[in-house]
Amino acid sequence: MRQPFLFLIPVFCGLTASASGYDSGPQGARVLGLGGASTAYINSIAGMSTNPGLLGQWADSLTRVSIGGIGQIRRTSFVGQDTYQRTDQDLVVQPGGYLYATHALNKRVALGLAITTPYGYHTKWPSTWEGRSVIQESQLNTYFVQPTVGIRLNDNFSAGVGVVYAFGKYSQRRALGQYDDPNAQTQFSASGSGFGVNAGLYGRSGDNLSFGISYRSTVQLKMNNGTLTTTGVPTRDASLAPASSDFTTRVSMPSTLSVGIADHITKKLLLTFDFSLSGWSAVDSLKLNVAATGSTPARTQSSVRRYEDALSFRVGTEYQVNPKLTVLGGFHYDETPVRDEYINPEFLDANRVGVSAGLSYQLTSRLALEGAYSFDYGQLRTARVSQNDEKVSNVAGTYRLAVNTASVGLSVAF
Amino acid sequence: MKHFSFTLSGRAGFVAATALLLNACAPGQDTPTPTAAIDLSHYLAVGDSYTAGFSAGGLTRTSQQYSFPNLMAQQFALASGGGSFTQPTLEAGTGTGYLNLLDFTATGQPRARRVAGAAVRRSVIDPAACGGPDTVRLFTRSATASALPQNLGVPGLKLSQIEVAGLGNETNATPGGAFNPYFERLLPAADSRTYLQAVTTAASSATFFTYFQGLDELMPYIRSGGTCGTVSTSLAETMKLNARKILDVLAANGRKGIIMRLPDIKTLPLLRQGQGKNVEARLQAFYHDNALIYIESPFVPGTSQPITDEDYILATALPRIGQLTPVQVGSSILMLPYGRDARNPIRNADVLEKASELNILTGIITTYNGGTSRALSLEGLAKLYKLPIVDPAQSLYTLDTGLLFTNVGNSVAIGGVVYSAEPVRGNFFSLDYYTLTPRGNALLANTCITAINRAYQANIPAVDVNKLPTTAQ
């Protein structure tokens, strides 16, 4: 177990990397319970979205379907650097869900479909908080549809490739604090789609040890239908901020390289490990290209992100208590792609450690009920602001993040 | 099988428990405890227009509420040891009136209209005042008159007048008399005490002070484009000597406080807006021509000279530049654009010329703030009184307000809102191009609070600037 573990290390050496960001976590109740260490995990077809190479392993006579819902509460508290005022983010649940299906064409080829919500967040601050002119509310939802083909190369190896069609919605709202009207605000909302490719490999060396490697490409959502609405602007500035304009923007999801191993310690106990590297550096800035309206010329509102690539490390364990009940546990460490200089309350992120627990209960021989819960706690982040750099819109203070994720689902094999 | 149902109270309990559970998802953080570290129980503010809360060309009850000393006192009260703070509050609706924004001219200059103040006790017209007839209004006496308020800011108070007896006595409210109506309402009726004596009385119970005075000595001269009064380098010496007289009282017995330096007058929009070549370029772009701007020569009467970048047109005169005005040329009268023709130069009253006026003013301020000569400057005095360093970056014992004014001039972002030196949209300077808006006062108060926190290891919370109104009306 130790040897293959060591051989993985050079892969990441020299990379300045860290994998949370607006990744909304493992896409499936069972893999959530496992802490997301699912690159070489074949006990749930939810692994397909992490590693399409697993799909060949399900090239048997069974058709499998797995479906479930995910709810995530991401909450941050803030204490102003100079005002000492504490603000907690409003409680909002970011809904998610997944649907997986696999079916074998023959003993070598299997087809699969994965519908997931892998990226997204919902940030909602009280509308009168200190940073209301930076952000009041921001929301990103993504839906990935991934048809996948898996090939069993031989008894021990399989490979797979999937094409991702992604659809996403983005909206943002902030106060215009330069005016007296507390309701003066701008709202942006847009939606768009993009494509990506996922590929992966799975292999076994002996009965107990298996490994997986996968690469998921960057997905860029092209949002060309954005609407910007502004309210509460006094008449004297009406020409500076028209009530309604169009805008376009691009929202990028990172590429991810994952390597994982799974080892049967005993017949009932499985351990899994994952490393992944997410190419968050694809997210450089959020540019809103606002079209000209009336006498107001076209302009670009740019908010700098400068994310860096991020690494994550995950360990999971699965134990079969009895033929009906399997329990899962996991631990993970996610590096944040957000640098200190660009901490922004629109999407607050931190290096975080998380623990998770889950279970799978076989209701009948074909139907299993799955549930999991995961809790992440972030490092304290301190945002310093240079007031003289008026292009960087921010609020100085400390942030603390906690993420609660729960998922419930059903798995069927027939 | 037992039926699973909620009673009403059970359901309420379930909802409450769920809410509690979910609320626990907000991760905790320690909030710093506000502490004062020094005795702030009786704060005394000494100064002129800025300290009094003058805003948008007037002093009103609202503008007084947003004076920077009052904002600071409110923050002191949040920290342990902050006491109450009395201001000589005007009754609602009374006062001087104020400037209200009308609109913007085609060249982007704000136009304002004066809203008159009501309930004036008496007014005295001085027909021979510099720059045209002037009215001195006597206001209703402050309720704090018997005991003197803690905010001793007096608009228009000149440093050179601090020992003028009867400055606040109504009998001196005559045309041309040495009289300040704002000081008059702070004192009991027919009181001939000088400002210095008033400060001495008020300081006896004070535990902390701020001193921000001197700009009003120069403002009448600046606002009149150098036509009212005279300034010379010896004025700086007078100002320093008188500042010492006040500060000797304030800093007596090791009393803690903050001495504030004067900002560079070129950072005030009154001048900043009218920097010679900038205005020239703006107007050339607006009129699509290459006309230069000319000003009256201060040395050869009757001739004109092209404006330079170090001559500053007063912002109050800017809307008139380029307007056609009748000018006698030879034997005929021509309509020529004001300032944009060598034969119709900008009058001396509308511009501060570099060599004869501006350089003297900036010299006075530099000397007063921190120059080295016989009498001690503010910086020298602060060291003399063993006040702590409030600005480690510049190793200063005095608070450099000029830094804030310069930063604002280059635009600063506070919690996502941009503040600049532009009147109205910049949200820092008020419509009189000189005093501050409530938010400007809050930024000044925060600068002061930062200095106190640093100098005295205190933890006084800052004001959330963006929550304050943008005008004091």
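Student: What makes a residue of chain B count as buried, and what share of chain B is buried?

Tutor: A residue is called buried if 20 or more other C-beta atoms, placed from the backbone, lie within 10 Å of its own, exposed if 12 or fewer do, and partly exposed in between; by this count, 48% of the 473 residues in chain B are buried. This is a predicted model, in which local features need pLDDT of at least 70 and side-chain atom pairs count only at pLDDT 80 or more, while totals for chains, interfaces and linings use all residues. Residues are numbered from 1 along each chain as its sequence is written, and chains are lettered from A and ligands numbered from 1 in the order in which they are written.

Student: Why is a set of residues called a nonpolar core, and which residues touch the most other members of the largest one?

Tutor: The name applies because its members are buried Ala, Val, Leu, Ile, Met, Phe, Trp, Tyr and Cys residues joined through C-beta atoms within 7 Å. The largest such core has 129 residues, of which B:Ile259 and B:Cys448 touch the most other members. Helix α14 of chain B (residues 438–456) gives the most to this core, with 9 residues; a helix here is a DSSP run of H or I with at least four residues, numbered from the N terminus.

Student: Where does this core lie with respect to the domains of chain B?

Tutor: Domain bounds come from an automatic or database domain assignment. Domain 1 (5–90 + 140–270 + 354–467) and domain 2 (276–352) of chain B both give residues to this core, so the core lies between them.

How values were computed. Helices (H or I, at least four residues) and strands (E, at least two) are DSSP runs, numbered from the N terminus.
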